[in-house]
Amino acid sequence: MGKVIINSDDFGYSRGVNYGIVDAYQKGILTSTTLMANMPGFQHAVELKKKLPNLGVGVHLTLTCGKPLLKNVATLTENGVFKKLSFYQSNFEIDSEELYQEWNAQIQKVYASGIVPTHLDSHHHTHTFGENQQVVVELAKKYNLPVRGNFELKNQVRHVEYFEKCFDDVGIENPADRQINIDLDKYLEQLLEKLRTTETTEIMCHTAYIDKELLEGSSFVFPRVNQVEFLIYSKFAESLKIDKEIELITYSDI
């Protein structure tokens, strides 16, 4: 039997994002999410989680969005906010100790809120870049947490066997804008078979309702709403609910 985690990133980004995630969990097949400790919707997300004890919540380590929690992290910031993703898309230099302390503070804030996190991943996959990988390994070992396994050092930590990175495409209406190069129905058919035959899988998605913060702050907006609908109403969602060869789980179950 294949065990499947369906994780929506960006919990805590904003109230609209939070509500989209909660609807996809309560009404659909979402099982897990990861929480941004430094964003405006953090406390709202914590309040929602307290009413949803079985929703898996990890830490969405953040380096390219909003402001850091710590003051003494100059190599990570510009004008008081985190450097943009483009800074990390070429050869970059930051102080690894500053990164460790900032990400550790983000994890600590989640624990302090009363949430025991299920796992670690990162916004824009920044834990997969350069020496950042070693930092997340050290933190995963410190807190004994699994990590999203899309990076070179994944075998040093607990992770699922397979990570599905293209599921965002279910929310993208124009085929030319999708990551996959096959028909969406064919992609979903192949994915369903892979979920049945793979021991553990994480499917990454981004569910949300649109609010001002998301509309002004993110370049990936409207597909998120479509993903909420897909996880609730699609034939794929219905198939996962009844498939006897697939079990929907969280990172707490691996």
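**Notebook: Thr201 and the chain around it**

I started at threonine 201, which is found in strand E8, a strand that covers residues 200–205. I noted that this is a predicted model.

Next I checked burial. Is threonine 201 buried or exposed? Its relative accessible area is 0%. The cut-off for buried is under 20%, so threonine 201 counts as buried.

Then I listed its neighbours, leaving out residues up to four places away in sequence. Threonine 201 touches Lys3, Val4 and Ile5. It also touches Val160, Tyr162 and Leu195.

I moved out to the whole chain. I looked up the secondary structure and found nine helices and nine strands. The radius of gyration came out at 17 Å, and the globule rule gives 18 Å for 254 residues, so the chain is as compact as a globular protein of that length. I also took the box along the principal axes: the C-alpha atoms fill roughly 50 × 40 × 40 Å.

How much of the chain is buried? I read 58% of the 254 residues as buried; threonine 201 is one of the buried residues.

I then turned to contacts between residues at least 6 apart in sequence. Of these, 69% join residues at least 24 apart.

For the surface, I noted an exposed area of about 11800 Å². Carbon and sulfur atoms supply 48% of that area.

Last, charges. I have 26 positive and 35 negative side chains in the chain. The centres of the two sets lie 5 Å apart.

Terms used
Residues are numbered from 1 along each chain as its sequence is written. This is a predicted model: local features need pLDDT of at least 70, side-chain atom pairs count only at pLDDT 80 or more; totals for chains, interfaces and linings use all residues. Side-chain values use heavy atoms; hydrogens and water are left out. Helices (H or I, at least four residues) and strands (E, at least two) are DSSP runs, numbered from the N terminus. The radius of gyration is taken over C-alpha atoms; the globule rule is 2.2 Å times the number of residues to the power 0.38. Buried means under 20% relative accessible area, exposed over 50%, partly exposed in between (1.4 Å probe, protein chains only). Contact means heavy atoms within 4.5 Å. Accessible areas come from the Shrake-Rupley method with a 1.4 Å probe; for residues, only the protein chains shown count as cover. Lys and Arg count as positive and Asp and Glu as negative; His and the chain ends are not counted. The place of a charge is taken as NZ of Lys, CZ of Arg, CG of Asp or CD of Glu.
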